[in-house]
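Trainee: I would like to go through this structure with you and ask, term by term, what stands behind each description.
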Amino acid sequence: MIEARNIGVTFNKGTPLQAVALRDVSLSVPDGQFLTVIGSNGAGKSTFLNTIAGLVRPESGTVAVAGSDVTAWPVHRRARLISRVFQDPKMGTCEDLTILENFALAHSRTHPRGFAFAIDRSIREKTAERVRLLGLNLENRLDDKVGLLSGGQRQAVSLLMATTGETRVLLLDEHTAALDPKTAEFVMELTRRIVAELKLTSVMVTHSMAQALHYGDRTVMFHRGGIIFDVSGERRAALTVAELLDLFRRDQGEELSDDALLLG
Amino acid sequence: MSLYELLGTVEVGLVFGLVSLGAYLTFKILDFPDLTVEGSFPLGAAVVATVIVALGWNPWVATLVAALAGFAAGWVTAYLNVRFNILHILAGILVSIALYSINLRIMGGPNKPLLGAETVFSGLDGWSLPSYVLSPILVFVLVLAIKFAIDFFLHTGIGLGMRAAGANPAMAEANGINVGRMKLFGIGLANALTALAGALFAQTFGAADAYMGIGIIIVGLASVIVGISLFPTRTIGQATVACLLGALLYRFAVALSLNADFLGLQASDVQLVTAILVVLTLMSQSSRLGLGRLLKRKPK
């Protein structure tokens with residue numbers, strides 16, 4: 001479903017601030033796989049996700065999604081195939097618009113926008129049905145502005161919006177990092193449920209090793225712009241956070257120094 | 001203030017209501033402070049006067065041509081910003097400066113009189129009511145129709161996309177909205193409204209003038225600020241009404257302050273009065289209101 005080949009990204013090339021973010025990264029995510037991505041700050045995991053989404057243009061390599069080479073496609077064109085949930089709950093929704101209007105926007109990701117009313121009875125009914133899944137009583141607040149919702153509610157709404165329509169690929173960029181632990185768990189469980197129900201191909205970047213191993217069916221770790229290990233199946237099922245750290249130490253000959261990774 | 005003056009003020013206020021709606025689209029909906037209007041207002045006037053006088057076209061067609069010219073001007077500003085990343089304010093200044101010369105070229109001089117020429121208001125002669133009563137009514141109907149058209153547009157799929165493109169560009173892109181194209185269309189539309197206002201103003205006033213655009217940006221902004229700080233803006237329909245009422249109120253405030261003899265102001269003080277009115281509105285506004293917050297420095 002996602003086919004990244006020999007991706008190279010350098011930021012601020014030709015200036016004193018030049019930094020290599022990704023070196024010759026290749027990764028293939030088959031249809032329906034839920035991949036989790038970990039790595040310390042600056043490891044390149046977010047850059048990789050942004051390269052798939054189209055926010056970052058690689059200087060070498062190609063990205064293909066659902067059989068189309070999307071390397072030259074701008075973000076809005078890729079949106080037909082790929083949807084995203086951001087880390088900041090404020091980013092995924094438009095606070096000046098109502099819940100319903102936000103869903104109408106998301107609906108248009110895979111349906112053409114036109115000069116007809118964006119909101120009709122069918123959108124209203126579909127949206128009410130979708131948000132009822134959350135159990136947050138939002139189905140009775142469809143005409144409320146999204147700005148009135150809490151961070152957790154907004155993130156749950158973002159997630160539902162990202163999974164409306166015919167999107168096949170879901171990118172999650174530390175989408176629970178800004179939430180309190182209880183809300184984070186709620187959003188994470190919701191993610192697991194939706195991804196399983198819709199059989200979405202998903203890539204989740206996370207700061208938490210425990211989360212990375214607990215959810216999904218494959219985990220890769222980024223370090224200094226490359227993938228240092230890739231684990232799935234039974235080996236992954238048996239892996240603990242402590243073993244993961246040992247693995248890292250052995251492979252890299254250095255200690256992992258990012259507290260967030262260890263504590264998460 | 002006599003009835004004649006009152007109706008005249010209402011008419012001009014309604015014409016500037018179109019500028020106000022344009023400013024609402026750019027400043028509030030698209031979050032794009034657009035200064036092109038300083039050039040597109042006289043552009044509309046210049047085009048309509050020239051097309052009516054020199055080409056002898058139907059005044060309604062000429063007015064439409066003026067609006068299209070305004071759309072093109074706004075489109076160029078947005079293109080400079082979207083394609084070449086020129087700062088929005090600078091792009092607007094560049095286009096409005098260029099338009100100053102273009103307007104002189106179009107008119108073949110600094111002004112173009114319309115006296116005696118057929119205008120959209122000519123058809124009002126010969127009715128039982130005098131034209132100074134009928135022309136505000138004509139403008140009112142026209143402006144109201146445009147207001148409802150904008151309300152409708154902002155509720156369509158594309159209009160919703162435009163609102164998202166202004167409010168949260170990253171989210172809009174992630175939902176498949178071409179933010180650049182929305183800016184091109186939205187800024188074009190706003191300048192079409194402004195040029196239409198210029199065209200109507202020239203036909204009421206009886207001439208087009210290259211200097212007509214000075215301070216138009218502040219007129220539009222002042223109307224929006226006055227409108228949204230005094231009236232409810234929970235829905236788009238309410239917000240556009242607020243913009244129109246703001247334009248009327250602003251016009252009355254200017255007319256009254258210039259008429260008040262004890263203040264000793266003359267017609268040439270209009271820009272000073274405008275600036276002071278805007279400052280007073282911004283000062284009196286509580287910080288929770290959107291546009292006031294946008295235009296004021298954040299308190300430390």
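Mentor: What follows takes the overall form first, then the sheets, the helix contacts and the interface.

Mentor: This is a predicted model, in which local features need pLDDT of at least 70 and side-chain atom pairs count only at pLDDT 80 or more, while totals for chains, interfaces and linings use all residues. Residues are numbered from 1 along each chain as its sequence is written, and chains are lettered from A, and ligands numbered from 1, in the order in which they are written.

Trainee: How many helices and strands does chain A have, and what makes a run count as one?

Mentor: Chain A has 11 helices and 10 strands, where a helix is a DSSP run of H or I with at least four residues and a strand is a run of E with at least two, numbered from the N terminus.

Trainee: Why is chain A called as compact as a globular protein of its length?

Mentor: Its radius of gyration, taken over C-alpha atoms, is set against the globule rule, 2.2 Å times the number of residues to the power 0.38. The value for chain A is 19 Å and the rule gives 18 Å for 264 residues, which is close, so the description applies.

Trainee: What makes E6 and E10 of chain A edge strands?

Mentor: Two strands pair if DSSP finds at least two bridges between them, and in chain A 6 strands form an open sheet of mixed pairing in the order E6-E7-E8-E3-E9-E10. E6 and E10 (226-232) each have a single partner strand, so one side of each is left without a neighbour in the sheet.

Trainee: How do you know that E3 and E9 of chain A pair?

Mentor: E3 (residues 34-39) and E9 (residues 218-223) of chain A share 5 bridges in the parallel sense, against the at least two that pairing requires; A:Thr36 stands opposite A:Thr219 in E9(A).

Trainee: Which order do the strands of the 4-stranded sheet follow?

Mentor: That open sheet of chain A runs E2-E1-E4-E5 with antiparallel pairing. E1 (residues 2-11) and E4 (residues 60-65) of chain A are joined over 5 bridges, and A:Ile2 has A:Val65 in E4(A) as its bridge partner.

Trainee: Why are H6(A) and H7(A) called roughly parallel?

Mentor: Axes are lines fitted to C-alpha atoms, for helices over the stretch in contact, and angles run from 0 to 180 degrees between N-to-C directions. Angles under 35 degrees count as roughly parallel, over 145 as roughly antiparallel, 65 to 115 as roughly perpendicular and the rest as oblique. The axes of H6 (residues 151-162) and H7 (residues 181-198) of chain A come within 10 Å and cross at roughly 10°, and the two helices are therefore roughly parallel.

Trainee: Why, then, are H10(B) and H11(B) called oblique?

Mentor: The axes of H10 (residues 236-259) and H11 (residues 270-284) of chain B cross at roughly 125°, an angle that belongs to none of the named ranges and therefore counts as oblique. Among the residues making the contact are B:Tyr250 and B:Ala253 of H10(B) and B:Val270 and B:Val273 of H11(B).

Trainee: What makes residues of chain A and chain B count as being in contact, and how many do?

Mentor: Two residues are in contact if their C-beta atoms, placed from the backbone, lie within 7 Å, and by that test 24 residues of chain A are in contact with 18 residues of chain B. The largest share of the chain A side, 4 residues, comes from H4(A).
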